[in-house]
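Visitor: Hi, I'm new to this one. Can you put it up and walk me through some of its empty spaces and helix contacts?

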Amino acid sequence: MPSSKKSNSLPETAFKNPLASPDGRSFEDSIRYHVRFSLAKDWSDVSNDDLFHAVSLAVKELAIERMLQSERRYRDNDAKRVYYLSMEFLTGRTLENNLVNLGLLEQCRDAFKNLGRDLDEIFEQEADPGLGNGGLGRLAACFLDSLATLGLPGFGYGINYEFGLFKQGIENGNQTEEPDRWLSDSLYWQIPRPEKAPQVPIYGRIVDGHDVLGKYRPQWVDYKIIQGEPHDMPIVGYSGKTVNFLRLFSARTPEDFNISVFNQGGYLQAVENKMQSENVSKALYPTDASPEGKELRLVQEYFFTACALRDIIRRYLRYHDNFDAFPSKVAIHMNDTHPAIAVAELMHLLVDDYEISWDKAWEITSEVLAFTNHTLMPEALERWPMPIFEKVLPRHLQIIMYLNSLFLKDVEKKWPGDIDRMRRMSIIEEGWVKNIRMANLAIVGSRSVNGVAALHSELIKKNLVPDFFEMWPEKFRNITNGVTPRRWIAKANHGLANLLFKTIGGDWITNLNELKKLEPLANDNKFRGDFAAVKRANKDRLADFIKKNLDIAVNPDSLFDIQVKRIHLYKRQLLNVLHVIHNYVRLVDENHHPKVPRTFIFAGKAAPGYWMAKQVIKLIHNVADVINADRKCRDWLKVVFIPDYRVSMAEIIIPAADLSEQISTAGMEASGTSNMKFALNGALTIGTMDGANIEIRDHVGADNIFIFGLLAEDVEKLRRSGSYNPTGIVQAHPEIYKVVEALKENRFSKHEPGIFDPLVNLLMDPNDHFVHLADVESYINTHREAEKLYTTPDAWMAKAILNVARMGFFSSDRSIHQYAKEIWGVKPIL
């Protein structure tokens with residue numbers, strides 16, 4: 001991270017905040033203490049990076065004190081606790097967020113002004129934690145924030161990845177991947193807990209055996225041990241009264257170093273076990289294209305889940321003698337299928353380690369576990385080949401096989417002779433190589449199964465797992481996702497936050513429905529002007545960021561049309577590029593100028609093994625190179641791809657958006673949360689009737705959103721009937737024909753002819769699962785509506801204000817309140 005190497009000495013009176021550290025030092029003294037004794041620096045040598053670490057340590061002291069106080073309250077009340085298991089927690093930078101939630105931000109900002117330092121430059125020293133990839137991890141982070149803000153005893157469990165997904169670079173328009181070495185910069189926030197490290201067995205084999213009463217007691221032998229070293233990150237709720245934690249496990253081996261092998265000359269072999277074990281928490285999402293990659297992914301998922309369950313049980317047994325009260329004191333939530341092995345692991349621990357009967361253990365397991373599904377694509381539901389699963393987890397395979405046999409007996413009892421239904425519902429998928437279906441396992445073992453948007457939840461019941469819904473309708477429910485206003489307004493959009501505080505007070509920060517008070521102001525000239533000034537300042541900030549980092553000048557007066565999210569064909573960045581090409585062809589070939597200047601902004605990462613998504617990134621860059629270099633486009637069109645998208649970048653991009661692109665193929669996006677963040681920050685949405693777009697439309701009003709394209713049932717009908725005919729669409733619509741021909745004729749790849757043929761072939765394929773061309777005409781026409789509205793700034797701003805005013809439902813506080821009441825049964829302890 002960049003840092004300032006020289007600075008003025010730090011005056012003793014720089015910090016006026018009276019809030020004391022736990023040992024009685026003032027906040028000012030605490031910072032000076034850490035500069036001198038934690039960093040071993042003299043005041044005359046303090047850099048921005050040093051100040052960042054010193055302030056972080058001072059804030060961490062306050063957070064730890066509140067965390068210990070919160071734990072005492074929970075313990076004194078013998079509170080039921082919820083544990084949220086997730087492969088990802090995309091927390092974003094921590095320092096500013098903690099200052100916001102502790103109420104210290106403005107005091108800290110004033111102090112740094114007195115120093116002649118810019119606090120924002122201090123914030124820039126912090127690396128984004130590489131603990132997630134996209135919406136799944138960011139949702140988990142929002143949920144932790146809401147749990148603490150609502151005073152609920154809720155804790156996250158995950159992996160302390162040494163490297164994040166990857167750092168995205170761009171070379172000749174192509175995505176490159178470099179290691180994301182984030183962890184060393186974030187150790188200041190983490191609290192090591194080596195004394196609480198669980199040990200989990202892995203590999204080995206099963207030896208059949210019986211106890212003295214003749215009961216079957218298999219023995220898991222010849223296994224290896226991986227140790228999970230916990231590291232806690234305090235999660236500060238707003239007002240700072242409740243501080244929970246996110247517990248992340250680093251993989252270690254109990255025997256770091258074999259001295260006898262070392263002394264015999266086996267220097268590398270002496271640390272072989274250590275290196276193999278530590279690979280487990282080395283990187284987020286290793287590729288699973290090979291059997292070795294699949295095995296490592298399975299080991300990762302088992303490792304953090306097994307560590308979490310052992311830690312949960314350890315914490316419970318500190319205050320309870322048996323498991324009778326376990327379901328009334330513990331709720332465990334599985335965020336997607338990654339931790340679904342928890343079903344078999346909890347049964348293994350209860351039956352094998354604590355010698356509880358199978359029936360009682362199953363009663364406990366199926367009462368404490370709950371499952372959130374995040375995908376409607378069957379191919380994205382995790383399946384583990386049985387040979388790999390048996391190699392890694394032989395005892396768990398036994399448990400799953402037995403569980404499946406009992407479950408299928410229940411299915412047979414309900415639907416006698418329905419072999420096809422039994423085959424669909426079985427946890428074991430038959431085939432040349434049998435697979436373990438983790439979604440089926442999670443559903444069978446959970447008390448609750450929920451989707452994350454109204455349409456998504458209906459499609460789970462109707463299309464994804466209708467047999468399970470028919471068997472257990474009471475298990476299924478919807479809880480629409482939400483986002484935290486603390487990060488996505490208070491931290492990300494200071495101008496809007498200040499305007500809200502001045503206009504309607506501060507209650508919105510913990511009760512987002514307070515934004516309703518803005519509705520009458522949508523037609524107030526002064527408020528519209530103030531709101532427009534905030535938007536313009538945010539656009540200026542993004543324009544400066546783009547110029548500084550990419551050396552591309554963009555016009556803040558232009559319409560900022562933004563799509564930032566993971567690059568995937570179903571999210572249809574390709575559809576967006578087709579519209580960009582359409583604008584270019586009309587302007588350059590037909591001299592048809594758009595009604596307003598446009599800046600098209602993209603950001604997002606493609607999975608390293610997802611070649612077609614990488615081709616979309618390449619196309620965006622080639623189109624950008626052509627358009628940005630064409631003098632005819634200079635005042636009208638600009639295309640920008642911002643590399644290495646992450647939370648801190650989203651906090652700059654989202655507040656600056658005029659138009660938010662949420663254009664996934666209808667019926668394929670579970671929910672989306674970027675759609676909520678954009679609307680909450682005053683962007684209008686152009687989108688399909690997919691995911692949470694539907695509910696956003698219902699809340700903000702159909703007149704305040706731009707909806708286009710096929711409905712989910714229309715898409716499904718096209719697929720089933722085989723009537724999707726891209727060739728016919730192209731022939732019938734000259735505008736679409738010109739766009740496709742521009743790609744075919746290498747207009748954006750003169751020096752790389754044919755490079756985009758695979759994308760053209762996808763577009764023209766009647767089996768294109770994402771039916772890109774079916775929506776192009778509607779998409780173009782809807783963009784024209786948006787363009788026309790933008791020419792009337794007052795009307796545009798009125799609709800933008802109404803979007804903000806009507807987003808109260810989409811707070812993660814509402815989501816968590818619903819989870820707590822309907823699924824977990826946990827209550828605030830304040």
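Guide: Sure, one bit of vocabulary before we look: Ala, Val, Leu, Ile, Met, Phe, Trp, Tyr, Cys and Pro count as nonpolar, Asp, Glu, Lys and Arg as charged, and the others, Gly among them, as polar. Keep in mind too that this is a predicted model.

Visitor: Okay. How many cavities of 30 Å³ or more does a search of the whole structure find?

Guide: Seven. About 190 Å³ of space lies in the largest cavity.

Visitor: Which residues lie nearest the centre of the largest cavity?

Guide: T91, N97, A141, I235 and R487 do, out of 16 residues that line the largest cavity. The elements giving two or more residues to that lining are α3, α6 (135-149) and β9 (224-236).

Visitor: And how does the lining of the largest cavity split by class?

Guide: Six nonpolar, seven polar and three charged residues.

Visitor: What volume does the second largest cavity have?

Guide: About 60 Å³. Its lining is made of K565, Q662, I663, S664, E669, S671, N675, D690 and N693. By class, the lining of the second largest cavity comes to one nonpolar, five polar and three charged.

Visitor: Switching to pockets: what's the volume of the second largest pocket?

Guide: That pocket has about 460 Å³. It is lined by 20 residues, and the closest to its centre are L459, N463, G667, E716 and R719. Two elements, α17 (454-464) and α27 (712-721), give two or more residues to the lining.

Visitor: Which classes line the second largest pocket?

Guide: There are 10 nonpolar, three polar and seven charged residues in its lining.

Visitor: Let's do helices. You mentioned α3 earlier; at what angle do α2 and α3 pack?

Guide: Helix α2 (residues 48-76) and helix α3 (residues 95-102) pack at about 45°, and their axes are 10 Å apart. That angle makes α2 oblique to α3. The crossing of α2 past α3 is left-handed.

Visitor: Which residues make the contact between α2 and α3?

Guide: On the α2 side, F52, V55, S56, V59 and R66; on the α3 side, L95, N98, L99 and L102. Sorted by class, the contact of α2 with α3 has six nonpolar, two polar and one charged residues.

Visitor: α6 came up at the largest cavity as well. How far apart are the axes of α6 and α33?

Guide: They are 9 Å apart, and α6 packs with helix α33 (residues 812-824) at an angle of about 75°. That makes α6 roughly perpendicular to α33, because angles from 65 to 115 degrees count that way.

Visitor: Who meets whom there, between α6 and α33?

Guide: C142, F143, S146 and L147 in α6 meet S812, D813, S815, I816, Y819 and W824 in α33. The contact of α6 with α33 has six nonpolar, three polar and one charged residues.

Visitor: One more pair. Are α31 and α32 roughly perpendicular or roughly parallel?

Guide: Helix α31 (residues 776-790) and helix α32 (residues 793-805) pack at about 110°, with axes 6 Å apart. They are therefore roughly perpendicular to each other.

Visitor: And which residues make the contact of α31 with α32?

Guide: A786, L789 and Y790 come from α31, while P793, A795, W796 and K799 come from α32. That contact divides into six nonpolar, no polar and one charged.

Methods: Residues are numbered from 1 along each chain as its sequence is written. This is a predicted model: local features need pLDDT of at least 70, side-chain atom pairs count only at pLDDT 80 or more; totals for chains, interfaces and linings use all residues. Side-chain values use heavy atoms; hydrogens and water are left out. Axes are lines fitted to C-alpha atoms, for helices over the stretch in contact, and angles run from 0 to 180 degrees between N-to-C directions. Helices (H or I, at least four residues) and strands (E, at least two) are DSSP runs, numbered from the N terminus. Angles under 35 degrees count as roughly parallel, over 145 as roughly antiparallel, 65 to 115 as roughly perpendicular and the rest as oblique. A crossing is left-handed if the near helix is turned anticlockwise from the far one by less than a right angle, and right-handed if clockwise. Contact means heavy atoms within 4.5 Å. On a 1 Å grid over the protein atoms alone, a cavity is a set of points where a 1.4 Å probe fits but cannot get out, and a pocket is an open set with protein on both sides within 12 Å along at least five of seven lines; lining residues have an atom within 4 Å of a point. Grid points are joined across faces, edges and corners, and a volume is the space filled by probe spheres set on the points.
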